[in-house]
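Student: Hey, got a minute to walk me through this one?
Tutor: Sure, pull it up and we'll go piece by piece.

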Amino acid sequence: MATKQENVSLLERSKTKPPKLYKVILLNDDFTTMEFVIEVLQTFFSMGTERATQVMLKIHNEGSAVCGVYPKDIAETKVTQVSAFAKQHGHPLRCHTEEN
């Protein structure tokens, strides 16, 4: 039977680092409507209307904005979902990930 001290040593050695996080960034363009960007922010990033409007204005005025920070797989899935949704609705909206 292992002693308490041996159990603690095993736990300390088996600790893993948290996953790297990635920012999902939406980019401004001259064709995607502000209303569509707000819809994307609400649908894929769970933002309320006020927050989505603030982020949309930042994208519009500054050229891009961070919409969320996630582990790599989730960030890449968000990019894929947003890109497919935009294409499906005829918008050239682009987004990408960037390591945090």
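What follows is a chat that goes from the overall fold down to single residues.

Student: What kind of model is this, to start with?
Tutor: This is a predicted model, so keep that in mind throughout.

Student: OK. How many helices and strands does the protein chain have?
Tutor: There are 4 helices and 3 strands. Going along the sequence, they come in the pattern α-β-α-α-β-α-β.

Student: And what share of the residues is buried?
Tutor: Of the 100 residues in the protein chain, 33% are buried. The accessible surface is about 7000 Å², and carbon and sulfur atoms account for 52% of that surface.

Student: What about contacts between residues far apart in sequence?
Tutor: Take the contacts between residues at least 6 apart in sequence: 72% of them join residues at least 24 apart.

Student: Let's do the sheet. What's the strand order?
Tutor: The order is 2-1-3, in an open sheet of 3 strands with antiparallel pairing. From one strand to the next, the twist averages 25 degrees.

Student: Why do strand 2 and strand 3 each have one side without a neighbour in the sheet?
Tutor: Strand 2 (64-71) and strand 3 (94-99) are at the edges and have a single partner strand each, so one side of each has no neighbour in the sheet.

Student: How many bridges does strand 1 make with strand 2, and how many with strand 3?
Tutor: Strand 1 and strand 2 pair antiparallel over 7 bridges. Between strand 1 (residues 21-27) and strand 3, also running antiparallel, there are 6 bridges.

Student: Which residues pair up across those strands?
Tutor: Towards strand 3, Leu26 has Cys95 as its bridge partner, and Val24 has Thr97. Towards strand 2, Ile25 is opposite Val66.

Student: Is strand 1 mostly covered or mostly open?
Tutor: Mostly covered, with 6 of its 7 residues buried.

Student: Which helices lie across the strands?
Tutor: Helix 2 is one of them: it lies across strand 1 and strand 2, at about 160 degrees to strand 1. Helix 4 is another, lying across strand 1, strand 2 and strand 3 and running at about 135 degrees to strand 2.

Student: How do helix 2 and helix 4 pack against each other?
Tutor: Helix 2 (residues 34-45) and helix 4 (residues 72-88) pack at about 140 degrees, and their axes are 11 Å apart. Their crossing is right-handed.

Student: Which residues meet there?
Tutor: From helix 2 you have Phe36, Glu39, Val40, Phe44 and Phe45, and they meet Lys78, Gln81, Val82, Phe85 and Ala86 from helix 4. By type, the residues of that contact are 7 nonpolar, 1 polar and 2 charged.

Student: Back to Val66 for a sec. Where is it, and what does it touch?
Tutor: Val66 is in strand 2. Not counting residues up to four places away in sequence, Val66 touches Lys23, Val24, Ile25 and Val55. Val66 and Val24 are 42 residues apart in sequence, yet their C-alpha atoms are 5.7 Å apart.

Student: Why does Val66 count as partly exposed?
Tutor: Its relative accessible area is 37%, and partly exposed covers values between the 20% and 50% cut-offs.

Student: Now the loops. Where's His91, and is it buried or exposed?
Tutor: His91 is in the loop between helix 4 and strand 3. His91 is buried, at 18% relative accessible area, because buried means under 20%.

Student: What are its contacts?
Tutor: Setting aside neighbours within four places in sequence, His91 contacts Phe31, Thr32, Thr33, Phe36 and Ala86. Phe36 and Ala86 also feature in the contact of helix 2 with helix 4.

Student: Which residue has a positive phi without being glycine?
Tutor: Ser46, with phi near 55 degrees. Most residues other than glycine have a negative phi. Ser46 lies in the loop between helix 2 and helix 3 (49-62), and at 67% relative accessibility Ser46 is exposed.

Student: Last one: what's going on around Lys20?
Tutor: Lys20 is in the loop between helix 1 (4-13) and strand 1, and it is exposed, with a relative accessible area of 54%. Leaving out neighbours within four places in sequence, Lys20 is in contact with Tyr70, Pro71, Lys72 and Glu99. Lys20 and Asn100 are 80 residues apart along the chain, with 7.6 Å between their C-alpha atoms.

How values were computed. Residues numbered from 1 in each chain as written. Predicted model: local features only at pLDDT ≥ 70, side-chain atom pairs only at ≥ 80, totals over all residues. Heavy atoms only, no water. Helix = DSSP H or I, 4+ residues; strand = E, 2+ residues; numbered from the N terminus. Buried < 20%, exposed > 50% of the residue type's maximum accessible area, 1.4 Å probe, protein only. Contact = heavy atoms within 4.5 Å. Areas by Shrake-Rupley, 256 points an atom, 1.4 Å probe, with all protein chains shown as cover. Axes fitted to C-alpha atoms, helices over the stretch in contact; angles between N-to-C directions. Left-handed = near helix turned anticlockwise from the far one by under 90°. Nonpolar A, V, L, I, M, F, W, Y, C, P; charged D, E, K, R; others polar. Pairing = 2+ DSSP bridges.
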